[in-house]
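Colleague: I am new to this structure. Could you take me closely through one part, the charged side chains and how they pair?

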Amino acid sequence: MSKAILGEKLGMTQLFKGDLLIPVTVLRVGPCVVTQLKSKEKDGYEAVQLGFGEIPREKVEKKVNMPMQGHFDKAKCPPQKYLAEVALDPGEFKVGQRLTVDFAEGDQTDITGVSKGKGFAGVIKRHGYSGGPASHGSRFHRAPGSVGQCATPSRVFKGKKLPGRMGGDKVTAQNLQVVEVDKDKSLMMVRGSVPGPRGSIVLIRESVKIASKGKR
Amino acid sequence: MKEIETIERSQMREDIIPFQPGDTIKVTIEIKEASGSGEKRTVRTRTQAFQGLVIRRQGAGARETFTVRKISFGVGVERTFPVHSPIIKDIQMIQEGDVRRAKLYYIRDKVGKAARVKKKKFTS
C-alpha cells in the first residue's frame with residue numbers, strides 16, 4: 001500500500017545521531033481524513049482526497065460555507081482547513097478514514113510543497129547566469145546579455161531564460177530520509193530541507209524512486 | 001516553533017562546564033578509527049585531547065559551537081566543536097582568561113608573547 005499524508009512544515013534544526021550531526025526538517029504530519037474517493041465511473045479518474053487541519057468548532061460557522069459543510073458531512077468528519085487529492089488507489093481507503101504518521105525511521109519519502117516566492121528575479125538568481133565583472137571598468141554586471149542571433153532566425157526562441165517571477169512553484173524534494181518519528185506528537189523529522197516557508201502545507205509520499213526499485 | 005525548541009532542548013547536554021572566549025580549555029574527544037574492510041573491518045575508539053584558547057562561541061541552544069585555537073609545531077590550528085556534541089567526552093578548564101571582546105580573532109595576527117590573554121584575577 002502506498003502511503004501519502006499531508007503535513008505542516010515547522011522548521012529546521014539539527015540532531016545528533018551517534019557521532020553525526022544531521023540537518024533535519026521538522027514536520028507536523030496529520031492526522032488526515034479521507035474526505036472523498038474519486039472513481040473512474042463518476043469522476044473519470046482515480047484519486048483519494050485528503051483533508052488536513054481540523055477547523056475549531058467556534059470558527060466553523062465563519063470559515064465553512066454550506067456546500068463545503070455538506071461535503072464534510074458526507075465523510076462524517078469535522079471541517080478541514082486544507083484538501084488535497086493524491087493519485088492513490090481508492091480501493092485501499094474508506095471515506096472518513098483517519099490517517100496518522102505511518103512512516104518509520106529510515107524510510108525514503110518525497111515531499112511536495114510550494115517554494116518560497118522570490119518575486120521578480122533577474123537571470124543570475126533565477127537561472128544561474130554568471131554575470132560580468134563588478135569592476136575594472138566593466139559595464140556589464142547582472143544583465144542577461146545576448147538573447148539570440150541576427151537575421152536568422154530574427155526572433156527570440158521560445159523558452160529563452162529571461163528575468164521574471166521566481167519561486168512560488170510546486171516543488172518536490174525526492175528521497176528525503178525519515179530520521180525520527182514521534183507518533184504521540186505526530187511529528188516527523190526528515191533529513192535535509194523541504195520546499196516552502198515554515199507553516200506551509202506539504203504532501204509527504206513514499207519515494208517513487210525507491211518504490212520502483214523494489215518492484216524490479 | 002515550540003516543538004522545535006523541545007527537540008533542541010532534548011539534544012542538549014547538561015554536563016558541559018561553563019566557559020567563555022578567552023578561557024584556555026582542554027577538550028577530550030572520542031575518535032572512531034576503522035581499519036580493514038569487509039569482515040576484517042574493526043572499529044576502535046580512542047580519546048584525543050585538544051587544548052587551547054577558546055576564541056569564539058557562536059549560535060544558541062543545541063546548535064551552539066565553539067572554536068579552540070592552539071599552536072601546534074609552530075602552526076596555528078583551530079578546531080570548531082558543537083558544544084553539545086556527543087563526541088566530546090570532557091571539557092576541562094585550564095585557565096580562565098580576562099578579555100574584552102566576544103570573538104578573539106585578533107589573536108590570529110599575534111605571535112609569541114602578544115598572542116596571550118590576561119589571566120582572570122577574580123574568579124566569580
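Modeller: What follows is a walk through the salt bridges, with a look at the surface around them. Keep in mind that this is a predicted model.

Start with the general idea. Side chains of opposite charge can pair when their charged atoms come close. Over all chains, the structure holds 14 salt bridges.

Take Arg28(A) and Glu8(A). They form a salt bridge, and their closest N and O atoms are 3.1 Å apart. Arg28(A) sits in strand β2 (residues 20-29) of chain A, and Glu8(A) sits in strand β1 (residues 4-17) of chain A, so the bridge ties together parts that are 20 residues apart in sequence. Arg28(A) counts as partly exposed, at 25% relative accessibility. Glu8(A) is partly exposed too, with a relative accessible area of 21%; the cut-off for buried is under 20%.

This pair does not stand alone. A network of salt bridges links Glu8(A), Arg28(A) and Glu3(B).

Follow Glu3(B) into chain B. Glu3(B) is one of the buried residues of helix α1 (residues 2-11) of chain B, alongside Ile4(B), Ile7(B), Glu8(B) and Gln11(B). Around the axis they cover an arc of only 130 degrees, which puts them on the same side of α1(B). What does the face turned away from the buried side of α1(B) carry? There you find the exposed residues Lys2(B), Arg9(B) and Ser10(B).

Stay in chain B for two further pairs. Arg108(B) and Glu78(B) meet through their side chains in a salt bridge of 2.8 Å, N to O. This pair links distant parts of the chain, 30 residues apart: Arg108(B) is in the loop between β6 (97-98) and β7 (118-119), and Glu78(B) is in strand β4 (residues 75-82). Arg108(B) is partly exposed at 37% relative accessible area. Glu78(B) is partly exposed at 29%.

The other pair is Asp15(B) with Arg13(B). Their closest N and O atoms are 3.1 Å apart in a salt bridge. Asp15(B) counts as exposed, at 53% relative accessibility.

Now turn to charges on the surface of chain A. Glu41(A), Asp43(A), Glu46(A), Asp89(A) and Glu92(A) form a negative surface patch. Patch residues have no salt bridge and over 30% relative accessible area. Asp89(A) is partly exposed at 38%. Its place is the loop between β5 (80-86) and β6 (98-99) of chain A.

How values were computed. Residues are numbered from 1 along each chain as its sequence is written. Chains are lettered from A and ligands numbered from 1 in the order in which they are written. This is a predicted model: local features need pLDDT of at least 70, side-chain atom pairs count only at pLDDT 80 or more; totals for chains, interfaces and linings use all residues. Side-chain values use heavy atoms; hydrogens and water are left out. Patches are made of residues with over 30% relative accessible area and no salt bridge: like charges are joined within 9 Å, nonpolar side chains (Val, Leu, Ile, Met, Phe, Trp, Tyr) within 5 Å. Accessible areas come from the Shrake-Rupley method with a 1.4 Å probe; for residues, only the protein chains shown count as cover. A salt bridge is a side-chain nitrogen of Lys or Arg within 4 Å of a carboxyl oxygen of Asp or Glu. Lys and Arg count as positive and Asp and Glu as negative; His and the chain ends are not counted. The place of a charge is taken as NZ of Lys, CZ of Arg, CG of Asp or CD of Glu. Helices (H or I, at least four residues) and strands (E, at least two) are DSSP runs, numbered from the N terminus. Buried means under 20% relative accessible area, exposed over 50%, partly exposed in between (1.4 Å probe, protein chains only). The arc is that of the directions from the helix axis to the C-beta atoms.
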